[in-house]
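This report sets out selected local features of one protein model for a reader at the bench. Please keep the sequence and the structure in view while reading.

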Amino acid sequence: PARLYAPPHSPIDVPLQGRDLRPALTSCGLLGLLMACSMATPLAAQERFLPAASAVVLPASVHAQGGRQSQLRALDQARRAQPQNLDAALAYGRAVFTLGLNEGDLRWYGSAKAALGPWWQATDLPADGFFMRGLVKQGFHEFDAGLRDINLAIALDPKHAEYWSWRFSLHLMQANMDAAKQDVHEMHKLFGSEEANIYQAVLLYRTGQPFPALKLLDESIRSAGHQDAASQIWIGFHLGEANRVANQSDKTLALWRRLLQAYPQSHLLRLSLADLLNQKKKYKEAKAVATLNSSTITSNLTDALLMQALIASRGLNTNDEVSLASQMAARLQTQSLRQESLIERPRLIYQIAYGNNLASGLALSIENWKIQKEPTDAVLFLQAALALNQAKSAEPVVRWAASTKYTDPQLSLLIDAVLKHPSWSGRS
């Protein structure tokens, strides 16, 4: 999901209002794999965010710990006092949307949708109105509708970098590489190379060219204009990803460790590092990263971090694996009881990588791939297909990799295994 530029912004260092929302383009959860339910009314949407403590990802927002609870409350009160005031609704919507990304708890998207409810069908919004509505729509996996709104925002205000940033991320997620390339071209013309080179680098490593991407990203992260926390996190994530794609994971780990030490509030860095450490079987460190070095308190973890802690515990063969698995199962069951229909990546990881329900995981992967095509989703899809001896079911992933030319060490091994599997050619 995409995240908002320099994602996620620090709830400590960056004020809630006035943030430049640009996506992280992160393979750890592009564009809001959220735990969402049907928002029938604004009231229902608000109540959605006050479940029992046992049912939440974050029982209390870390936003409050950052001393910003009063600011968020003030924004909420302002828009409730003027329910037909679009500016007040957009200020609150932006704040809670950003919170969902900062904290990895994307249920906040529902609050953003509730705030924008009176304008959900409007056709005469200002650019920032179309933009925020588009962000929320794509968060609920209405990607085409979200893209249409963002296109309208660009038509009204083409000199707004965050609009182009999100359009680029949506095109990338849909594997529309020609459109993504055109977005980068337009950003070069409108905003100059310092801005556009970062997106150029992302496009390069997502099309099989990690080494030129590394050069651009290394220049960007050292640039005087990118020394703020948000930019360091955002560019550092992509620099690490480019190194990983180039089979230089040791450099990725070193970079992300250093950045997480400097910016411990970053859910993006924490999750990315924990995931890669688990892939490398560095389970002890992965668990420490995922749990924020807490051996007993896991209820405050996001679903994604809890899943990484569970994988690490299985690798370590520790006694708390059963407890962590039970917590994960309970959270997913709660989502099912709420009739949350969107596919969230921790569920796929639980069913496929952890092995809870491979058949269900493969079915979900097939559906998920129809709307978003990300490297992490590709890996999970391939793993499920191989485990169930249904290699041919992963043909869409093989075609995607061939057309985009994207590869990374993990994906390459899996695709090779799929192509050599007897079930690929129908021999089993």
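The sections below treat helix packing, an enclosed helix, salt bridges and two residues with positive phi.

The model is a predicted one, in which local features need pLDDT of at least 70, side-chain atom pairs count only at pLDDT 80 or more, and totals for chains, interfaces and linings use all residues. Residues are numbered from 1 along each chain as its sequence is written, and side-chain values use heavy atoms, with hydrogens and water left out.

**Helix packing**

Helices (H or I, at least four residues) are DSSP runs, numbered from the N terminus. Helix 20, residues 375-387, packs with helix 22 at an angle of about 30 degrees, and their axes are 10 Å apart. Here the axes are lines fitted to C-alpha atoms, for helices over the stretch in contact, and angles run from 0 to 180 degrees between N-to-C directions. The crossing of this pair is left-handed, a term for a near helix turned anticlockwise from the far one by less than a right angle, clockwise being right-handed.

Contact (heavy atoms within 4.5 Å) involves Ala378, Val379, Leu382, Gln383 and Leu386 from helix 20, and Gln410, Leu411, Leu414, Ile415, Ala417 and Val418 from helix 22. Sorted by class, the contact of helix 20 with helix 22 comprises 9 nonpolar and 2 polar residues, with no charged residues. In this scheme Ala, Val, Leu, Ile, Met, Phe, Trp, Tyr, Cys and Pro count as nonpolar, Asp, Glu, Lys and Arg as charged, and the others, Gly among them, as polar.

Ala417, found in helix 22, has a C-alpha atom separated by 7.8 Å from that of Leu386, a residue 31 residues apart from Ala417 along the chain. Ala417 counts as partly exposed because its relative accessibility is 31%. For accessibility, buried means under 20% relative accessible area, exposed over 50%, and partly exposed in between (1.4 Å probe, protein chains only).

The second pair consists of helix 18 (residues 345-353) and helix 19 (residues 358-369), whose axes come within 8 Å and cross at roughly 140 degrees. That makes helix 18 oblique to helix 19; angles under 35 degrees count as roughly parallel, over 145 as roughly antiparallel, 65 to 115 as roughly perpendicular and the rest as oblique. This crossing is left-handed. Arg347, Leu348, Gln351 and Ile352 of helix 18 meet Leu358, Ser360, Gly361, Leu362, Leu364, Ser365 and Asn368 of helix 19. The contact of helix 18 with helix 19 has 5 nonpolar, 5 polar and 1 charged residues.

**An enclosed helix**

Helix 5 (residues 108-115) is largely enclosed by the rest of the structure, because 8 of its 8 residues are buried. Among them are Trp108, Tyr109 and Lys113.

**Salt bridges**

The structure holds 20 salt bridges, each defined as a side-chain nitrogen of Lys or Arg within 4 Å of a carboxyl oxygen of Asp or Glu. The table gives some of these pairs.

| Salt bridge | Closest N to O distance |
|---|---|
| Asp149 and Lys137 | 3.1 Å |
| Lys392 and Glu395 | 3.8 Å |
| Arg399 and Glu395 | 3.7 Å |

In the pair of Asp149 and Lys137, Asp149 lies in helix 7 and Lys137 in helix 6, so the salt bridge ties together parts that are 12 residues apart in sequence. Asp149 is buried, with a relative accessible area of 3%, and Lys137 also counts as buried, at 10% relative accessibility.

Glu395 forms salt bridges with Lys392 and with Arg399. Glu395 is partly exposed at 26% relative accessibility, and Lys392 is partly exposed at 39%. Arg399 and Glu395 both lie in helix 21, 4 residues apart, which is about one turn of the helix. Elsewhere, a network of salt bridges links Asp76, Arg79 and Arg80.

**Residues with positive phi**

His141, a residue other than glycine, has a positive phi, near 65 degrees. The residue sits in the loop between helix 6 (127-139) and helix 7 (143-156). His141 is buried, with a relative accessible area of 12%.

Lys405, likewise not a glycine, has a positive phi of about 70 degrees. Its place is in the loop between helix 21 (395-404) and helix 22 (409-420). Whereas His141 is buried, Lys405 is exposed, with a relative accessible area of 58%.

Technical notes:
Helix = DSSP H or I, 4+ residues; strand = E, 2+ residues; numbered from the N terminus.
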